[in-house]
Amino acid sequence: LFDGIYPFYPQQRKAFVFDVSTIIVIVVFLTFACSFLLIIPGIRGRARLYWTLRVLLSLLVGVVIVAVQFTGDWETGWVKANTSYKSFSSALVNADVGLHVGLAGVNVTLMGNPVNQVNETINYNEHFAWSFGADYDQSYGEGLEKGLPSPILYVAEKFTTQSPCSMHRQYRISGHYASATLWVAFCTWLISNMLFSMPVLVYGGYMLMVTGAFMIFSLLSFSTVRSSLICPIQFGTAILHTGYGGSFWLTLAIGLFCLVAGITVVALHFFNLDLLKTFFDLREDKAEEYQMTEVHVNPHFVNEEL
């Protein structure tokens, strides 16, 4: 360290799962949830439980749709290998090499076993972005200038535009389409909440189904890259295999939940409307409306008029 700063890393490294954008999204939705929990004691009776369940589940869907845009574990893979550490050096190190693919770029992780080898601390996590406004080849060139370890550069090179593997084009296009589809799902989620609050329950259920459908479409878009031929990432006899990560499965779970919830709302609208109104606290509102419209006549004034 030089005055508390890594000399070769003027910018702070990016975590492979969570970054600042993800944390900001989570904090914003937690603020909404805490604000609602502060007013929940003012809701009477059994409706308090229904309101809590509806609001928390809706916020969960919203935070997942936005947060997975910035996570880096849509596709992950690890391999343990004996590999060269630096160029023009015959020294070998035993390390775990990790690849984490997100919608906006890739993270390459290098963790030594043990961490201290060849008189150095082997613990790297480098991010290479391909989102709009980011140049992947430039990020790779900066990595070359900084003198990153050979395993990181080897994995990152597979995703450059000049690589014959064409992995950059495949992952970048599929990631952009998946991201755009998720933003559409976020818009339909907002519309479904508006329809539920109006209340137009059956149309809110339809929009919730559309939200789940667009989330599934984003997964299908990202999965298209798996059907194409992928260049092997090999360290000696060890091959780095990747599989779907936590963000992929979380998006799938929330998408299926939106589909099931939307179908349930639509089915209850046609087969058991009273139960649906009870869950959305509409029967009590109707009763209060009748009570407010009840008229009491003072017989004293009636007698005077007569």
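The exercises below, each with a worked solution, concern a predicted model.

**Exercise 1.** Describe the largest pocket by its volume and its lining.

Solution. Start with the volume, which is about 860 Å³. Next, take the lining: 31 residues contribute, and R54, S58, N193, F196 and F280 lie nearest the centre of the pocket. Then assign the lining to elements: α1, α2 (47-67), α5 (167-197), α7 (246-271) and α8 (273-279) each give two or more residues. Of the elements, α2 gives the most, with eight residues. Finally, sort the lining by class: 22 residues are nonpolar, six are polar and three are charged.

**Exercise 2.** Determine which residues make the nonpolar surface patch, and whether V28 is buried, partly exposed or exposed.

Solution. The patch is made by V20, I24, V28 and F32 and covers about 390 Å². V28 is found in helix α1, residues 20-39. The relative accessible area of V28 is 38%. Partly exposed lies between the cut-offs of 20% and 50%, so V28 is partly exposed.

**Exercise 3.** Locate the cis peptide bonds from N113 to P114 and between M198 and P199.

Solution. For the bond from N113 to P114, omega is near 0 degrees; P114 lies in strand β3, residues 105-117. For the bond joining M198 and P199, omega is about -5 degrees; P199 sits in the loop between α5 and α6 (201-223).

**Exercise 4.** Give phi and exposure for V118 and N119.

Solution. Most residues other than glycine have a negative phi. V118 has a positive phi near 45 degrees, and N119 one of about 60 degrees. V118 is in the loop between β3 and β4 (120-129), as is N119. V118, at 39% relative accessibility, is partly exposed; N119, at 85%, is exposed.

Terms used
Residues are numbered from 1 along each chain as its sequence is written. This is a predicted model: local features need pLDDT of at least 70, side-chain atom pairs count only at pLDDT 80 or more; totals for chains, interfaces and linings use all residues. Side-chain values use heavy atoms; hydrogens and water are left out. Patches are made of residues with over 30% relative accessible area and no salt bridge: like charges are joined within 9 Å, nonpolar side chains (Val, Leu, Ile, Met, Phe, Trp, Tyr) within 5 Å. Accessible areas come from the Shrake-Rupley method with a 1.4 Å probe; for residues, only the protein chains shown count as cover. A salt bridge is a side-chain nitrogen of Lys or Arg within 4 Å of a carboxyl oxygen of Asp or Glu. Helices (H or I, at least four residues) and strands (E, at least two) are DSSP runs, numbered from the N terminus. Buried means under 20% relative accessible area, exposed over 50%, partly exposed in between (1.4 Å probe, protein chains only). On a 1 Å grid over the protein atoms alone, a cavity is a set of points where a 1.4 Å probe fits but cannot get out, and a pocket is an open set with protein on both sides within 12 Å along at least five of seven lines; lining residues have an atom within 4 Å of a point. Grid points are joined across faces, edges and corners, and a volume is the space filled by probe spheres set on the points. Ala, Val, Leu, Ile, Met, Phe, Trp, Tyr, Cys and Pro count as nonpolar, Asp, Glu, Lys and Arg as charged, and the others, Gly among them, as polar.
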